[in-house]
Every structure is written in C-alpha cells, then in structure tokens.
Amino acid sequence: MTKYFPGPAATAAVTALALALTLTACSQEPTADDPPGGATGTTLSHIHGLGVRGDALYVATHDGIHTPDAAGRPTLVGDRRDDFMGFTITASGTFLASGHPAPGSGGPADLGLVESTDSGRTWRERSLGGEVDFHSLDTASDATVYGYDSADARLRVSPDGVTWEDRATLRALDIAVSPAAKDTVLATTETGVARSADGGRTFAPGKGQVLSYVSWGAPDALFGVDPGGVLFRGTDTGTGAGVRWARVSTVPGGAPQALTVVDARRLLVATQDGVYESRDGGRTFERRVAVASGKEGH
C-alpha cells in the first residue's frame, strides 16, 4: 500500500482551513450547551489570554481571571467571573481586558476596555462600555493600546485607553505589536500573517505561515503557534518580504487557545489540556496548569 504524505501546499491548505473554522467560531456567543463557567473542579477551560507579572501566571478565561497556587491548582483572582475575551498585562503591570459580563451581573453585553491596577482583584471601566468586545489586546512601547474589535472586524487604536481611532478592517484572530517599532503590527489571518508598518491603518495581505496566535515579547522574541500546536519563531525583515518563520517545536496538548511571550527564552501557551511554560525558547515545555478540553480560546 502506498502511503500519502501531504506536501507543503496541502499542509498549508489544511492549516488555513483550521484557522478559518476558528475565526468563524470566535464570533459565536456561548450557547445553552456551554457549561455555566470556565472552571471545572481544579481545571480550566475556554482560555482567552495569558499574562505574567513577576513570576505569577494569570489566565483569562470564560469564567474570570485565575492564577495557580503552589500546587498548580487554579484560583479565582478577585470575585468577578466575567468572560474576559481580550487580555494583556502592560509593561507597568496594569491589566487590560475586554469581553462580556458574567451572567446575571447586569450591565451592557460588552465590557469595552476595563483595567485593573491590583493584579485583577478589582476592575474599572476605562472606555467603550456597551460598545466594543475586543478579542485581542496589545500595547506598544509608548503605551498605545491596540485592540481588535471582533464584532466589526476592525483594529482600533488609543493613545491612552480612552480616546480611540478606527483603523484597518480585516478578518483576524490575534494581533501583536512590535516592542521596538510601535507602528509595526502583525495580525493572524486565514491566508497567513498580515503586516502593517503604519500603526494598523493598512495591512499587506496575509501570506506565508498560517498561524493562530502571535506574541512579540521583546525585539528578539517573536513567536507564533499554528492551529495544530506547532510553534514557530519569527524574524521581521522590515521589508515587503514580511516575517520569516522557523519551526521550533510542537507544544504538548493539541490545539492552542492562547500564546504569550515574555522574552526570547520564556513563553506560555494554553492548549487543550494545559497551560505550558517554556524557559528555553520553546524547545521544551512544562505544564503549569491543567486545562479541560474544550472549544478554542477565542
């Protein structure tokens, strides 16, 4: 019997299809079939974002922000069980998030941009309450906030988290801003990674490696993960050639739900069975928190 091994074109087509399905799923609201919360016993599911402050890990989920205790068991931070769809921790340590309020908590269906200055214990509305659901958030070196508005498929940008400018419209799952060049933005699309050199006003068409999530933790620390969990390290050419991607490893646990890069050696990936941390640039991983298999993070 002849065995068939798909070539690069076939593999790329399958990967693009997987990302297209994820893009479609990310626009859907929770249904009656979803569990009442993102936490099940001592595990998490429906992860939307990851962040670190010092050595502490924070996991944004369908059911609030959690952090692992000494035994690796997730513990709810504060008392809010909102569905935090977009989540990032700024260089100053401020938590920024977006999404939807917990069922029965009242208020508008979309949180807009909310912030916490005490590591997620309390939150306050910053802007756009009732107007926007950001599925991806990132900040530039000058603290400019970039948010991907999933409802309108539009990138919005704010110098202060209060006043916003609408920029490019594109169908994307995740965004990442260069730590060295505040106007360089990447977006993952079903045709590849789209690059902007003008602060997200325009994007070159997505091309090359098809990725689900990207994170740019330092000038020399750009990583992406594809829908199958394969991790890549990127080098931005700074030209029309875009980003060159080199395969690093495969993250354990299946399809990814979130990716956060701290620096060239430390990164975190949430997959279908755990939140994994690498301290060697993605070559090996250790599971920090157990995850219950569920739908994709976004």
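This report describes the largest pocket and one open sheet of a predicted model.

## Basis of the model

Because the model is predicted, local features need pLDDT of at least 70 and side-chain atom pairs count only at pLDDT 80 or more, while totals for chains, interfaces and linings use all residues. Residues are numbered from 1 along each chain as its sequence is written, and side-chain values use heavy atoms, with hydrogens and water left out.

## The largest pocket

The largest pocket (on a 1 Å grid over the protein atoms alone, an open set of points where a 1.4 Å probe fits, with protein on both sides within 12 Å along at least five of seven lines) holds about 950 Å³ of space, the volume being that filled by probe spheres set on the points. Its lining, meaning residues with an atom within 4 Å of a point, comprises 48 residues, of which T88, I89, T90, D138 and T139 lie nearest the centre.

Among the elements that give two or more residues to this lining are strand 7 (83-89), strand 11 (134-139) and strand 15 (175-177), whereas strand 3 gives the most, with six residues; strands here are DSSP runs of E with at least two residues. By class, the lining has 24 nonpolar, 18 polar and six charged residues, with Gly counted as polar and Asp, Glu, Lys and Arg as charged.

## The open sheet

Three strands form an open antiparallel sheet in the order 15-16-17, where pairing requires at least two DSSP bridges between two strands. Strand 15 and strand 17 (192-196) stand at the edges with a single partner strand each, so one side of each is left without a neighbour in the sheet.

Strand 16 (residues 185-189) pairs with strand 17 over five bridges, and T188 stands opposite V193 in strand 17.

Methods
Helices (H or I, at least four residues) and strands (E, at least two) are DSSP runs, numbered from the N terminus.
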